[in-house]
Amino acid sequence: MKIEPFRVEIWMNEWETKCDLNLAETCVESLTIAELLDLTGQNATDLSALLPLKMTYGAIDGSMRLREAISALYDKQAPDNVIVTHGTIGANMLIHRSLVDRRDRVVSVVPTYQQHYSIPESIGADVHLLHLREENGWLPDLDLLRQLVVPGTKMIALTNPNNPTGALIPRPMLEEIAAIARTVDAWVLCDEVYRGTDQEGSGMTASMADIYEKGISTAGMSKAYSLAGLRLGWIAAPRAVIEEVMIHRDYDTISVGVIDDHFATLALENRDRVLGRSQHITRGNLAILAEWIETEPRLSWVRPRSGTTAFIRYDLPMPSRDFCVALIEETGVMFTPGSAFGMEGYVRIGYANNPEILKAGLARVSAFLARQ
Ligand SMILES: Cc1ncc(COP(=O)(O)O)c(C=O)c1O
């Protein structure tokens, strides 16, 4: 199977270990196991709960305790509507591979996580892109969506909250998207890996799986829960989709690690504390970033409403990759070029890392911009 190289992952692999201050990271600053235990009220040095865990494959579709903790994140999903996967990346791959066939019409927003158009393209699907525009606050233009979603459309793929823009599709707009999908009986896949990081309220935006009878939500422990090292994600979807996915999943997953299942359950059963910490970081850091943007005349943005990233427009006669390479080489600060999302004139900043790293990094970027 031929597939397009995954541009953002290639950029990360190339530079992540060579930079000094990583402002390309999209996870809320990752937790250590000791911090997770501490945060969830366990004895921070006591790992005795791990000792009786038998290193079998474990529960094949995820332990019941874990699937219960995941289903509690939704209004209408029971444990039977949930299957555990190898990261959100595994969840997305399984959905596209299980539901999309050659010549099926798929509509994906861009910019987004590249899986959502490159996997269906590799399957031979007829992929149509809905370009999100800065002037619309990076939200989808529903008139354009109506034009693209013609009879025979198999799937609409969204990322909400969005990576890279940090835009948040509000519930009424999700309902309108569901109504558009319903007219042609299409699935709506919504990648919700950043759910839990909204800048306001509880931080938990509405989920497509709860809104639409053919809605599918994917998510995982990496971003909002700061536990990417668990490599644990999930799909929440109608039971028929879970059963279809299970057929494919037997070929590439079997199960996730028993230790991963254990720690994910612990984090989700204490999600208020884990998400509280994350929101403290994302809200505080976005305020720092906003203040900095104000002082930089060559930069502009649509202020993110959720997620961990901001998509910044820059006014310099330089392709985004050259900008980002020069920035790393001269200052050690790593951003992600807009070209990794197929968009020139922009860079993505991941702002959910340690605030001291963010502040130090932005100060170096200011000096860099002043030299241009
Ligand atoms: C929108 C989106 N989906 C999925 C993933 C992959 O997440 P995970 O680490 O849970 O596999 C990422 C990672 O950057 C992402 O940004």
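## A residue to start with

Where is D185 found? D185 turns up in the loop between α7 and β6, the latter covering residues 187-191. The phi angle of D185 is near 60 degrees, a positive value in a residue other than glycine. That's worth a look, as most residues other than glycine have a negative phi. Keep in mind while browsing that this is a predicted model.

## The overall build

Stepping back to the whole chain, there are 13 helices and 13 strands in the protein chain. The C-alpha atoms fit in a box of roughly 55 × 55 × 40 Å when you line things up along the principal axes. As for the radius of gyration, the protein chain comes in at 20 Å, which agrees with the value near 21 Å that a compact globule of 372 residues would have.

On the inside, 58% of the 372 residues are buried. Take the contacts with a separation of 6 or more, and 74% of them come from residues 24 or more positions apart.

## Surface and charge

The accessible surface of the protein chain is about 15,300 Å². Carbon and sulfur atoms own 52% of that surface.

Charges next: the protein chain carries 35 positive and 48 negative ones. Average the positions of each set and the two mean points end up 2 Å apart.

## Two domains

The chain splits into two domains. Domain 1 is built from two stretches, 7-32 and 273-370, while domain 2 runs over 53-270. Going by C-alpha atoms, their centres sit 25 Å from each other.

How many residues of domain 1 are in contact with domain 2? There are 34 of them, and they meet 34 residues of domain 2.

## Around helix α7

Helix α7 takes in residues 171-184, and T183 is part of that helix. Is T183 buried or exposed? T183 has a relative accessible area of 65%, so T183 counts as exposed, the cut-off being over 50%. The C-alpha atom of T183 is 8.0 Å from that of P151, though the two are 32 residues apart along the chain.

The loop between β5 and α7 has a couple of prolines to check. P161 is in this loop, with β5 itself spanning 153-159, and P164 is there too. N160 and P161 are joined by a cis peptide bond with omega about -5 degrees. The bond from N163 to P164 is also cis, with omega near 20 degrees. Most peptide bonds are trans, so cis ones deserve a glance.

## A buried serine

S71 belongs to helix α3, which covers residues 64-71. Why does S71 count as buried? Because its relative accessible area is 9%, and the cut-off for buried is under 20%.

Which residues does S71 touch, leaving aside its neighbours within four places in sequence? The contacts of S71 are Q77, A78, P79 and V82.

## Another positive phi

I254 is also a residue other than glycine with a positive phi, near 60 degrees. Look for I254 in the loop between α9 (239-252) and α10 (258-269). With a relative accessible area of 36%, I254 is partly exposed.

Methods. Residues numbered from 1 in each chain as written. Predicted model: local features only at pLDDT ≥ 70, side-chain atom pairs only at ≥ 80, totals over all residues. Heavy atoms only, no water. Helix = DSSP H or I, 4+ residues; strand = E, 2+ residues; numbered from the N terminus. Rg over C-alpha atoms; globule rule 2.2 N^0.38 Å. Buried < 20%, exposed > 50% of the residue type's maximum accessible area, 1.4 Å probe, protein only. Contact = heavy atoms within 4.5 Å. Areas by Shrake-Rupley, 256 points an atom, 1.4 Å probe, with all protein chains shown as cover. Lys, Arg positive; Asp, Glu negative; His and termini not counted. Charge placed at Lys NZ, Arg CZ, Asp CG, Glu CD. Domains from an automatic or database assignment.
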